[in-house]
Amino acid sequence: MASFEIGARGLFNFRNERFFVLVEDEITIPEKGVEIDPVNIYEIDQQTFDFIRDEGDTPLVVPRFNLPPVPPGFELERKCIFTVDNSYFVIYELENGTDNFVILRISAALFNSLRNSGVRECIPQNFIN
């Protein structure tokens, strides 16, 4: 039987101008050996962002310029690339039973190289209107 769950989730505040919620969908079909876990990005308004943040169970993800060290027993999995207003990012998931997102800021050249090599691009969906 297939199972559908929410994995990692996070909030991303881009320059206090644009606001996003990141959600990993985990879809598993054990009898087929299939596991699909894409990340979806939804652009939301500031009021919705503040409401979700204030609930306290969705962490704020601050972009980094380098990847964190990966402790033993953890796995850092690249999920997708995305761009916002000529800024470029890679989303990783740090898995250890409590999945967390890591957002790495990258150059436009690296973004294009990753995209050209087939890395999945997450296109933010607009939930503002």
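The side chain of T58 makes a polar contact with the side chain of D57, at 3.5 Å. In this predicted model, T58 has another such partner. Its side chain also makes a polar contact with the side chain of R9, at 3.4 Å. T58 itself lies in the loop between α1 (46–55) and β5 (75–84). Is T58 buried or exposed? Its relative accessibility is 10%, so T58 counts as buried, since buried means under 20%. Leaving out residues up to four places away in sequence, T58 touches R9, G10, L11 and I52.

How far can the coordinates be trusted? The mean pLDDT of the protein chain is 91. Of its residues, 98% reach 70 or more. Confidence is highest in α2, at a mean of 97. Confidence is lowest in strand β3 (residues 34–36), where the mean is 75. Where pLDDT is low, predicted coordinates should not be read in detail.

Now follow the strands. β1 and β2 run antiparallel and are joined by 10 bridges. One residue pair shows the register: F4 has I27 in β2 as its bridge partner. The two strands form a hairpin with 3 residues between them. In that hairpin, R15 takes a positive phi near 55°.

β2 also pairs with β4. These two strands run antiparallel, with 6 bridges between them. Here V21 has Y42 in β4 as its bridge partner. β4 has a further partner in β8. That pairing is parallel and has 2 bridges. In it, E43 is matched with N126 of β8.

How many residues of β4 are buried? The count is 6 of 6, so the strand is mostly covered, with buried meaning under 20% relative accessible area. In a regular strand, side chains alternate between the two faces of the sheet. In β4, V39, I41 and E43 point one way. N40, Y42 and I44 point the other way. All of these residues are buried, on either side.

Next comes the interior. In soluble globular proteins, nonpolar side chains tend to be buried together. The largest nonpolar core here has 16 residues. Which of them touch the most other members? They are F12, L22, I41, F82, I91 and I103. Several strands contribute to this core: β1 (3–14), β2 (18–29), β4 (39–44), β5, β6 (87–95) and β7 each supply at least two residues. A second, separate core has 11 residues. Among them are I81, Y88, V90 and V119.

L22 gives a view of the surroundings of one residue in the largest core. Neighbours within four places in sequence are again left aside. L22 is then in contact with A8, R9, G10, F12, N40, I41, I91, F101 and I103. R9 and G10 appear here, and T58 touches them as well.

I106 takes the reader to strand β7 (residues 100–106). Its relative accessibility is 11%, so I106 counts as buried. Beyond its neighbours within four places in sequence, I106 is in contact with Y88, F89, V90, F111 and L114. Of these, Y88 and V90 are included in the second core. P63 is 43 residues away from I106 in sequence. In space the two are 9.9 Å apart, C-alpha to C-alpha.

N86 offers a contrast. N86 lies in the loop between β5 and β6. With a relative accessible area of 67%, N86 is exposed, because exposed means over 50%. N86 and S107 are 21 residues apart in sequence. Their C-alpha atoms are 9.7 Å apart in space.

Last, the covalent link. A search of the whole structure finds 1 disulfide. It joins C80 to C122, with an S to S distance of 2.0 Å. The pair links distant parts of the chain, 42 residues apart. C80 is in strand β5. C122 is in the loop between α2 (108–116) and β8 (125–126). Why is the disulfide called left-handed? The torsion about the S-S bond of C80 and C122 is about -105°, so the disulfide is left-handed. Both C80 and C122 are buried.

Note on methods: Residues numbered from 1 in each chain as written. Predicted model: local features only at pLDDT ≥ 70, side-chain atom pairs only at ≥ 80, totals over all residues. Heavy atoms only, no water. Helix = DSSP H or I, 4+ residues; strand = E, 2+ residues; numbered from the N terminus. Buried < 20%, exposed > 50% of the residue type's maximum accessible area, 1.4 Å probe, protein only. Polar contact = N/O pair within 3.5 Å; in protein donor to acceptor, adjacent residues only side chain to side chain. Contact = heavy atoms within 4.5 Å. Disulfide = S-S within 2.5 Å. Core = buried A, V, L, I, M, F, W, Y, C linked by side-chain atoms within 4.5 Å. Pairing = 2+ DSSP bridges. pLDDT = per-residue confidence, 0-100.
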